[in-house]
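Trainee: I am new to this structure. Please take me through one buried spot up close, then show me what lies around it.

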Amino acid sequence: MNFEAYETEAFFDELFDNQGHSRESAKLLVNAIESLAEGDLLKRQEASERAMHSMGITFNVYGSGEGTERTIPFDIVPRIIDGKEWDVVEAGLKQRIKAVNRFIDDIYHDRNIIADGVIPEWIFTSSKGYLPQCQGLNPPKGVWAHVTGTDLVRDNKGTFYVLEDNLRVPSGVSYVLLNRTLMKRNFPEVFHKSRVRRVVDYPDQFMKMLHHVAPEGIDRPNVAVLTPGIYNSAYFEHAFLAQQMGALLVEGHDLVYDGKYVCARTVEGLVRIDIIYRRIDDEFLDPEVFREDSYLGCAGMMKAFREGTLTLANAPGTGVADDKVVYAFVPDMIKYYLGEDPLLPSVPTHLCCDDESLEYTLDNLDKLVVKPASESGGYGMLIGPKASQKERDNFARALRKDPRNYISQPTLSLSRAPVVVNDHFEGRHVDLRPFILHRGDDSYVLPGGLTRVALKKGSLVVNSSQGGGTKDTWVVDQGTGQEVA
C-alpha cells in the first residue's frame, strides 16, 4: 500500500501538507509503510486487532443491541506531532489545569473570583457539578483535579484548540499505553529512529503524583482504584490501571469505614486505604452525604476525606469545572489567577443562557454544534450541518425550555489523518485527549495522549461508544537526543 492516491482535500492533515508531501516529522514512517511488501500492512493491522482481542482490550456500550462488550477499533497508522509543536501544547495544558484547580478551590472557599466580578455566581451554583456538600473542604496540597483529560482539536490551519475539559473520571489512558505496545511491535525500527517520546512510565508518574498528595504523615500510602464493577463501560481500564500501578482494585462493597479510616476487606483482614483513585461519579461516593441509594461507594468515605485520613482523586466537587458553560470562562480564570494570557485558545463558545446568544444559536442551528452542559461521550449533542430539519426543530424546543443547559460552538473543520480502509488509505477526522496529572506545585502531561478517530466517512463524532476508534500518537524529537521508549 502507498499514499499515491491519498487526498488531503481541504483539511489539515496530520501526516501530509496541502501539496500531498509528507510532513518532515512523518517522513520516516511514510517511507517505512510504502516500503512494505504488498499486503504486509494489512496483515499487521489484522494481527494488531487480534492482539487487542486476546488482551481483552474492550469497552461496554450501554443499550447497544449488538452486545455490550466490544473491542475498540484500532488503526495502525499513527498520528505524528512534532516535539517543538507539542512543547507549546504541553505548556498550555499545565497553565490551564493550574488555573482550573485554583478556581475550584476558590469557589468552595472565599469565592474571590465572584466578588471581583469575573464570573457570575449563578453560573456555577446552577451547575449540576457543583456540590454544596464540598464547601470548605481542603484536599491535600490544595489539589482538586488530580487527573484531567482535556480534549483538543485542530482547525483547517492546524491550530490546536481546547474543545473541553474532562475532570470527573476521564478515561482512555489505557488505550494510549496498549496502542503504544502494539506500534512498537509493528514498526520497531522507525519508532526508535523517529525518537518518539515515552509514555510507558505513565503508571509510575501517576503513583508518584498520588504519593505526593497522600494524607499528612503517610510516607508509604496504600492506594486503591475504586470501580463500579465489571458492567461499567471502562472496567477494563480500571483493572488495567490498578495492575500497572500496583494498587488494589476495589468495589464499594469491599470498603468499610471504621470510624476514622476507610479500609478494604482482604483475605488478610482489613487493610487501611490512604488514597482512592475513584472511577465513580461524585453522587455515588458516600450514601450518607450524596445519593442514599448508592451501593457503589462507602458510607463514611466523606468523613474520612474531610478529616484528612483519606485522599480522593479526583476530589469530589471537581465536576463544577467540567461543566461546558463554566468551560467558557477558563481563559478568564487563567488571567485572573495567574495573570497570564492563555497559551492554548478555546473554541469560541456561545452560552445559550444569554438571550442574545440563544437567539444567535436558534438562527444558526444548521451551522453550529450544540452541546448539553453536563453530558459526555458525545451524547445529547447536535451537529447542525449533519442534522435533519426535524432534529434541529427538536433541539430548538429543548434550547428554549432549558437554555442554561446548552452551549453552541462553530463547526470546526477538524483535522484528518490517514486510516486503513480495505486496501487503501482515506482521511478521517481526529481529536486528541492528552492526560494531565496535577500535584499542586507541578504537572505531568502524557506526551501525545489518545488520538480518537471518527471512522465513519465525514463524521465528526470520535467517541468509541458511537463508532470511533483510536490511533497511537507519536510526539517525535528527531535529531534532538531525546530519550525514547
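Mentor: Start at Asp165. Its relative accessible area is 5%, so Asp165 counts as buried. Bear in mind that this is a predicted model. Asp165 belongs to strand S5, which covers residues 160-166.

Now look at the side chain. Two polar contacts leave from the side chain of Asp165. One goes to the side chain of Arg96, at 2.9 Å. Another goes to the side chain of Thr150, at 3.2 Å. Arg96 and Thr150 also appear among the residues that Asp165 touches beyond four places in sequence. Gly149, Asp322, Tyr327 and Val330 complete that list.

Next, go to Asn314. Asn314 sits in a loop, between S12 and helix H11 (324-327). Its relative accessible area is 1%, so Asn314 is buried. A polar atom of the Asn314 side chain lies 2.6 Å from the backbone oxygen of Leu167. Leu167 is also one of the contacts of Asn314 outside its close sequence neighbours, within four places. That set also includes Trp144, Ala145, His146, Val147, Arg168 and Arg278.

The loop of Asn314 leads back to S12, and S12 brings us to a sheet. This open sheet has four strands in the order S7-S6-S11-S12, paired in parallel. Strand S7 (248-250) and strand S12 (311-313) each have a single partner, so each is an edge strand with one side left without a neighbour in the sheet. From one strand to the next, the twist averages 25°. Strand S6 (residues 223-226) is joined to S7 by three bridges. In that pair, Leu226 faces Val250 of S7. Helix H9 (residues 235-245) packs on this sheet and touches S6, S7 and strand S11 (275-278). The direction of H9 makes about 150° with that of S7.

Turn to the nonpolar cores. As a rule in soluble globular proteins, nonpolar side chains tend to be buried together. Here the largest nonpolar core has 61 residues. Leu41, Phe187, Tyr202, Phe206, Phe425 and Trp474 have the most contacts inside it. Helix H6 (residues 173-186) gives the largest share of this core, seven residues. A second, separate core has 52 residues, including Ile107, Ile123, Leu226 and Ile273. Leu226 is the residue that stands opposite Val250.

Ile273 points to another sheet. Val262 stands opposite Ile273 in S10. Five bridges join strand S9 (residues 262-266) to S10, and the two run antiparallel. With S8 they make an open sheet of three strands, in the order S8-S9-S10, with antiparallel pairing. Strand S8 (255-257) and strand S10 (269-273) are its edges, since each has a single partner strand, so one side of each has no neighbour in the sheet. The twist here averages 40° from one strand to the next.

Finish with Trp474, from the largest core. Beyond four places in sequence, Trp474 is in contact with Leu29, Phe187 and Met183, among others. Leu29 leads to helix H1 (residues 27-34), where Leu29, Val30, Ala32 and Ile33 are buried. Viewed down the axis of H1, these buried residues fall within an arc of 160°, so they line one face of the helix. They pack against helix H2 (40-54), strand S3 (79-82), helix H7 (188-193), strand S18 (424-433) and strand S23 (473-476).

Technical notes. Residues are numbered from 1 along each chain as its sequence is written. This is a predicted model: local features need pLDDT of at least 70, side-chain atom pairs count only at pLDDT 80 or more; totals for chains, interfaces and linings use all residues. Side-chain values use heavy atoms; hydrogens and water are left out. Buried means under 20% relative accessible area, exposed over 50%, partly exposed in between (1.4 Å probe, protein chains only). A polar contact is a pair of N or O atoms within 3.5 Å; within protein, one must be able to donate a hydrogen and the other to accept it, and residues adjacent in sequence count only if both atoms are side-chain atoms. Contact means heavy atoms within 4.5 Å. A nonpolar core is a set of buried Ala, Val, Leu, Ile, Met, Phe, Trp, Tyr and Cys residues joined through side-chain atoms within 4.5 Å. Two strands pair if DSSP finds at least two bridges between them. Axes are lines fitted to C-alpha atoms, for helices over the stretch in contact, and angles run from 0 to 180 degrees between N-to-C directions. The arc is that of the directions from the helix axis to the C-beta atoms.
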